[in-house]
Amino acid sequence: MKVISPFGPKIAKLKLSSNFIKNLNKEVDRILSKKNLEKTIYNEVNKYIYKSLGKKISKIKIKNFWVVRQFNNEYNPIHFHDGHISGVGYLKIPKFVLKNRKETNIDGSIDFINGNKMLLSESIYNHQPKVGDMILFPHYLMHTAYPFKSNGERRSFSFNLEIDKKIANVFKK
């Protein structure tokens, strides 16, 4: 390991062993294999687009895929993604302790935010996740994950996809 200091904070630069890289790549390839994750995502995104637009997609490319592990009082601030379609799937959900039982329970939940609250129009959709839930949404939809009080772990996976450009580009007919 080499510790460098090109400015104030120090940076550690190291080389991972080829065996570690090989094993990690093998595990990631297994997770992303056609038989497992990619096939499930392809089928569900195809249904989502068909039910939403009445169109069938012929191309899906996973741009990014990551796992999020959150613990007591951790959250994810309001943000959006890149690509065309984004998704989140829940793998572990701890038992939450409600902060205030008289208030609405948002501990550990996810909000999707769009536009303004107006007459006959909500601007926030709140989802209290359960293990096995997967939510698909347009990449530009703002969202946030709320903190929770628990000794457990909230584990989810997220991804960004690209689909057929002729379907994703709503400005070209």
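Buried residues account for 30% of the 173 residues of the protein in this predicted model. The solvent-accessible surface amounts to about 12,400 Å², of which carbon and sulfur atoms supply 57%. The radius of gyration is 20 Å, whereas a compact globule of 173 residues would have a value near 16 Å. Along the principal axes, the C-alpha atoms occupy a box of roughly 60 × 50 × 35 Å.

The secondary structure comprises 3 helices and 10 strands, which follow the order β-β-α-α-β-β-β-β-β-β-β-β-α along the sequence. Of the contacts between residues at least 6 apart in sequence, 73% connect residues at least 24 apart.

Strand β10 (residues 154–163) has 9 of its 10 residues buried, and is therefore largely enclosed by the rest of the structure. Two strand pairings of β10 were examined. Strand β3 (residues 60–70) pairs with β10 in the antiparallel sense over 10 bridges, and within this pairing V67 has F157 of β10 as its bridge partner. Strand β5 (residues 85–92) also runs antiparallel to β10, to which it is joined by 7 bridges. Here K92 is matched with R155 of β10.

Strand β6 (110–113) likewise takes part in two antiparallel pairings. Its pairing with β7 comprises 4 bridges, and its pairing with β9 comprises 4 bridges. Residue I110 contributes to both: H127 stands opposite I110 in β7, and A145 is the bridge partner of I110 in β9.

The loop between β9 (142–145) and β10 contains Y146. The C-alpha atoms of Y146 and I110 are 6.2 Å apart, although 36 residues separate the two in sequence. Leaving aside residues up to four places away in sequence, Y146 touches E74, Y75, I106, G108, S109, D111, N126 and R154. With a relative accessible area of 23%, Y146 is nevertheless partly exposed, since the buried class is confined to values under 20%.

Side chains of opposite charge can pair when their charged atoms come close. A search of the whole structure identifies 7 salt bridges. One of them joins K63 and D82, with the closest N and O atoms 3.3 Å apart. Because K63 lies in strand β3 and D82 in the loop between β4 and β5, this pair ties together parts that are 19 residues apart in sequence. Both partners are partly exposed: the relative accessible area is 35% for K63 and 36% for D82.

A further salt bridge is formed by K92 and E153, whose closest N and O atoms are 3.9 Å apart. This pair links distant parts of the chain, with K92 in strand β5 and E153 in the loop between β9 and β10, 61 residues apart. The two partners fall into separate accessibility classes: K92 is partly exposed at 38% relative accessibility, whereas E153 is buried at 11%. Salt bridges with shared partners join R69, K92, E153 and R155 into one network. Within this network, K92 and R155 are also bridge partners in the pairing of β5 with β10.

The side chains of E122 and K117 also meet in a salt bridge, with an N to O distance of 3.1 Å. Both of these residues are exposed.

Two residues other than glycine were found to adopt positive phi angles. N73 has a phi of about 70 degrees and is situated in the loop between β3 and β4 (76–79). L120 has a phi of about 65 degrees and belongs to the loop between β6 and β7 (124–127). N73 is partly exposed, with a relative accessible area of 40%, while L120 counts as exposed at 83% relative accessibility.

A nonpolar patch of about 760 Å² is present on the surface, formed by M1, V3, L14, L16, F20, I21, L24 and V28. Helix α1 (residues 18–31) makes the greatest contribution to this patch, with 4 residues. Another member of the patch, L14, is located in the loop between β2 (11–13) and α1.

Methods:
Residues are numbered from 1 along each chain as its sequence is written. This is a predicted model: local features need pLDDT of at least 70, side-chain atom pairs count only at pLDDT 80 or more; totals for chains, interfaces and linings use all residues. Side-chain values use heavy atoms; hydrogens and water are left out. Patches are made of residues with over 30% relative accessible area and no salt bridge: like charges are joined within 9 Å, nonpolar side chains (Val, Leu, Ile, Met, Phe, Trp, Tyr) within 5 Å. Accessible areas come from the Shrake-Rupley method with a 1.4 Å probe; for residues, only the protein chains shown count as cover. A salt bridge is a side-chain nitrogen of Lys or Arg within 4 Å of a carboxyl oxygen of Asp or Glu. The radius of gyration is taken over C-alpha atoms; the globule rule is 2.2 Å times the number of residues to the power 0.38. Buried means under 20% relative accessible area, exposed over 50%, partly exposed in between (1.4 Å probe, protein chains only). Contact means heavy atoms within 4.5 Å. Two strands pair if DSSP finds at least two bridges between them.
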